[in-house]
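Trainee: May we go through the terms used for this model and ask what justifies each of them?

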Amino acid sequence: LGDLEQDFLEALQSFYYDKKPIMSNEEFDNLKEELIWEGSDVVILSSDEQKFMEASLAYAAGRPILSDTEYDALKLKLKKVGSKVALVGPRCSLRSKKVYSDSSVDYLKMLLLNVPAALVALTLVFFLDDLTGFEITYLLEMPEPYSFLFTWFIVLPATYLIAQSITNAILKDFLILKGPCPICGAQNNSFFGTILTVPSGSDTNDVTCQMCNSILKFDMNTRLITLETTREEKQSKKAKI
């Protein structure tokens, strides 16, 4: 964080938590306006994101405003809504003696999973158009605003519903997570869900890093990626066998 952004968060913390404002309302408004002009993301954070960053600053300053349980719950909540402020790079835990990093939802790959069903749905629409003697094409070519209304309120919603029905029939409660390997930083993915009534597994998946071949454990509940075994450890185990 820059100095101005840190001043902004400290001002919020002092006002809401310490109940002792460190600047006047006019000074706070001027600071906020300056950050907006500079394109800072801090001033457009949600209330939970601001609370999280304030808690992080307060903890670093030795004046925690949240308990460990409250902090972890808030961080997990932000992770699940895709907030970037809760994502931290690879790090070590002295308590668990583990190396881990954070994962987030891969919305692009989840969207791409709907592409095959969308193509099938469009094929059905074209087939229906052919069966009706191109009645759908005729309706699409009607004068405005009828063509617009028919396209956006009938054809597209119907196509979307058909595609969603096909996808949900094949994939149920699916989730794709992505995140960096704690060792090499390469992006990895993990799929959770049910494919044609066959579940992918439990709430955790073991994934082999595509770059360094380390074994990573993805946890869909905590959104953490934990390093289980490095390539060197795997080779050492094989040598002993």
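The exchange below sets values from this predicted model against the cut-offs that give them their names.

Trainee: Why is F52 called buried?

Mentor: Buried means under 20% relative accessible area. F52 has 4% relative accessibility, so F52 counts as buried.

Trainee: Why is Y71 called partly exposed?

Mentor: The term covers values between the 20% limit for buried and the 50% limit for exposed. Y71 has a relative accessible area of 24%, and is therefore partly exposed.

Trainee: What makes F52 and Y71 a stacked aromatic pair?

Mentor: Ring centres must lie within 6.5 Å to pair, and planes under 30 degrees apart count as stacked. For F52 and Y71 the centres are 5.1 Å apart and the planes make 25 degrees, so both conditions are met. F52 belongs to helix 3 and Y71 to helix 4, so the pair ties together parts that are 19 residues apart in sequence.

Trainee: How many aromatic pairs does a search of the whole structure find?

Mentor: The search finds two. F148 and W152 form a pair with 6.2 Å centre to centre and 40 degrees between the planes.

Trainee: Why is the pair of F148 and W152 called tilted?

Mentor: Planes under 30 degrees apart would be stacked and those over 60 edge-to-face, with the rest tilted. At 40 degrees, the pair is therefore tilted. Both residues lie in helix 8 (residues 146–170), four residues apart, about one turn of the helix. F148 is partly exposed, with a relative accessible area of 41%.

Trainee: How do you know that the span of helix 4 agrees with the expected one?

Mentor: The expected span is 1.5 Å times one less than the number of residues. Helix 4 (residues 68–80) has 13 residues and should span 18 Å; its end C-alpha atoms are 18 Å apart, which agrees.

Trainee: Which residues of helix 4 are buried, and what do they pack against?

Mentor: L74, K75, L78 and K79 are buried in helix 4. These residues cover an arc of only 140 degrees around the axis, which puts them on the same side of helix 4. The buried residues of helix 4 pack against helix 3 (47–60), strand 1, strand 2 and strand 9 (224–229).

Trainee: What makes the buried residues of helix 6 line one face?

Mentor: In helix 6, A117, A121, V125 and D129 are buried. Seen down the axis, they fall within an arc of 125 degrees, so they line one face of the helix. The buried residues pack against helix 7 (135–140) and helix 8, while L119, T123, F126, F127 and L131 are exposed on the other side of helix 6.

Trainee: In what order do the strands of the open sheet run, and why do strand 1 and strand 7 stand at the edges?

Mentor: Five strands form the open sheet, in the order 1-2-9-8-7, with antiparallel pairing. Strand 1 (91–93) and strand 7 (204–208) each have a single partner strand, so one side of each is left without a neighbour in the sheet.

Trainee: How do you know that strand 1 and strand 2 pair?

Mentor: Pairing requires at least two bridges. Strand 1 and strand 2 (residues 98–102) have three bridges in the antiparallel sense, so the requirement is met. C92 has V99 in strand 2 as its bridge partner.

Trainee: Why is M211 called exposed?

Mentor: Exposed means over 50% relative accessible area. M211 has 58%, and therefore is exposed. M211 lies in the loop between strand 7 and strand 8 (215–219).

Conventions
Residues are numbered from 1 along each chain as its sequence is written. This is a predicted model: local features need pLDDT of at least 70, side-chain atom pairs count only at pLDDT 80 or more; totals for chains, interfaces and linings use all residues. Side-chain values use heavy atoms; hydrogens and water are left out. Helices (H or I, at least four residues) and strands (E, at least two) are DSSP runs, numbered from the N terminus. Buried means under 20% relative accessible area, exposed over 50%, partly exposed in between (1.4 Å probe, protein chains only). The arc is that of the directions from the helix axis to the C-beta atoms. Contact means heavy atoms within 4.5 Å. Rings of Phe, Tyr and Trp (its six-membered ring) pair if their centres lie within 6.5 Å; planes under 30 degrees apart count as stacked, over 60 as edge-to-face and the rest as tilted.
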